[in-house]
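Okay, thanks for having me, everyone. Let me put the model up on the screen, and then I'll walk you through it.

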There are 2 protein chains.
Amino acid sequence: MSPQRPLRADAARNRARIMATAHEQITEHGAGVSMERIAAASGVAVGTLYKHFPNKTDLVNAVIAASFAPVADDAEDSLRRAGQGAPAMEELTGFLTRLMDTVAHNQAVKAAAHALNTDHAVHPAMRDLEARVTSALGQLLRAAQAQGELRTDCTVDDLYLVLSTFPTDQAPAARVRWLALVLTGLIAR
Amino acid sequence: MSPQRPLRADAARNRARIMATAHEQITEHGAGVSMERIAAASGVAVGTLYKHFPNKTDLVNAVIAASFAPVADDAEDSLRRAGQGAPAMEELTGFLTRLMDTVAHNQAVKAAAHALNTDHAVHPAMRDLEARVTSALGQLLRAAQAQGELRTDCTVDDLYLVLSTFPTDQAPAARVRWLALVLTGLIAR
DNA sequence: TGTCAAGGTGAATTATGATTCACCATAGAG
DNA sequence: CTCTATGGTGAATCATAATTCACCTTGACA
């Protein structure tokens, strides 16, 4: 499975289906889903999962990395728009709202990865995404403060602290209400 | 194990030690700890666990119920003090701070119970605790609003929504900071 | 102190699930 | 059209855990 030479067409197809199915199954049944079940739902044999991923942990990590990949792009797009004159605070809240949706949708996968990665290790791919988001978020934050829309004593860490705790299991309406309540504490008086 | 006649002295001792040990082990190793391990750490044989609890799920539910039992009393004490002239908002934030500590300390057990209780069922004992807390919290909330210390459009649901999301895995200092940030959004302007 | 039911023991049973591997199938290069 | 490396298969193996149970121990009451 080394990326040396490109995957055969059918292999690529299967790999994609496996990751999509794994996401569904984990979302539906939690981190406990068996490889057997994921294989069956993908329409392949267990052995095939192992042809693509050395073990369950790696499969889950691949799924989570793929699920969150778009977030970093989104953060950087928001920052770019702010740089081109869009109100920074609006970009910030817009990004946070979309981020909440993404995390909510991938909550089970996130939990699964956390449960399977022994000790506490975070997947390198996730570490990379996090770095990009942190950077973009920091700049957005400073821009919003410069425009007087955000408390100047609010740090990126504060933002993360608050962000890290939003209600993943609530309905979208409740999530929006939550964000509104919480942001009130961050907006400049 | 019916509560008909009191437990024999050694049995009571063991039962207490088992629950304490189970709490430790779950906190340290997650919901996945084996009964074997809990038994070993308690200094008894596996069979003994099953003499006291029909299965792992019931053991975990007993542990979590015991861990959270004091919270309801605390809520009611706070309410009582407010009724005797203590500032309601102070009682409210005091209670919330202590609640955060309790939840943080019992985070792993809470997660374990959630993971083990098939479907989504909440233990009846927990349901009862929740009802008492909700009641006390509602009255505290209204008192704080009557004293002009809290936004009047803030409901008990809002309080729960925000409460349900505090950062269990952060250091105490970070938790306090979080509460301060979030409460700012709830305090009357 | 003697009795015996409550309490304790831990090897054995039963389940479940991850991972392996010897062998089969076929994309796609030549 | 032929090969053959890549990809697929799934029964078998290995490991881990929950739960049971036939048989000991011992608190505590008479």
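One term before we start: buried area is the accessible area, taken with a 1.4 Å probe, that two parts lose on being put together, summed over both. By that count, chain B and chain A bury about 1500 Å² between them, and 63% of it is on carbon and sulfur atoms.

Now the housekeeping. This is a predicted model, where local features need pLDDT of at least 70, side-chain atom pairs count only at pLDDT 80 or more, and totals for chains, interfaces and linings use all residues. Residues are numbered from 1 along each chain as its sequence is written, chains are lettered from A and ligands numbered from 1 in the order in which they are written, and side-chain values use heavy atoms, with hydrogens and water left out.

So, back to the protein interface. 17 residues of chain B are in contact with 17 residues of chain A, contact being heavy atoms within 4.5 Å. How many salt bridges does the rule find across the interface of chain B and chain A? Two. The rule asks for a side-chain nitrogen of Lys or Arg within 4 Å of a carboxyl oxygen of Asp or Glu. One salt bridge you can look at is A:D158 with B:R177, where the closest N and O atoms are 2.4 Å apart.

Which elements of chain B give two or more residues to the side that touches chain A? Those are α8 (156–163) and α9 (172–184) of chain B. The helices and strands here are DSSP runs, numbered from the N terminus: H or I with at least four residues for a helix, E with at least two for a strand. The largest share on that side, six residues, comes from α9(B). By type, the residues of that side divide into nine nonpolar, four polar and four charged. For the record, Ala, Val, Leu, Ile, Met, Phe, Trp, Tyr, Cys and Pro count as nonpolar, Asp, Glu, Lys and Arg as charged, and the others, Gly among them, as polar.

Let's swing over to the DNA. 20 residues surround DNA strand C, and the closest are A:M35, A:K56, B:N14, B:T48 and B:K51. Near, for this purpose, is one heavy atom of the residue within 4 Å of the strand. Looking from the DNA side, 65% of the strand C atoms within 4 Å of the protein belong to sugar or phosphate, and the rest to bases.

As for where the surface comes from, α3 (46–52) of chain A, plus α1 (9–29) and α3 (46–52) of chain B, each supply at least two residues. α3(B) gives the most, with four residues. The whole surface near strand C splits into 10 nonpolar, six polar and four charged residues.

A few polar contacts there, meaning pairs of N or O atoms within 3.5 Å; within protein, one must be able to donate a hydrogen and the other to accept it, and residues adjacent in sequence count only if both atoms are side-chain atoms. The side chain of B:T48 puts an N or O atom 2.6 Å from a phosphate oxygen of strand C. The side chain of A:Y50 does likewise at 3.1 Å. For a base, go to B:G47: a backbone N or O atom lies 3.4 Å from a base nitrogen of strand C.

Last topic, salt bridges inside the chains. Over all chains, the search finds 18. In chain A, the side chains of A:D74 and A:R98 meet at 2.9 Å, N to O. That pair links distant parts of the chain, with A:D74 in α4 (residues 56–83) and A:R98 in α5 (residues 88–105), 24 residues apart.

Buried or partly exposed? A:D74 counts as buried at 18% relative accessibility, while A:R98 counts as partly exposed at 34%. The cut-offs are under 20% relative accessible area for buried, over 50% for exposed and partly exposed in between, with a 1.4 Å probe and protein chains only.

Over in chain B, B:R132 and B:E76 meet at 2.8 Å, N to O. B:R132 lies in α7 and B:E76 in α4 (residues 56–83) of chain B, so the pair ties together parts that are 56 residues apart in sequence. And back in chain A, A:D73, A:E76 and A:R132 are linked in a network of salt bridges.

That's my tour, thanks.
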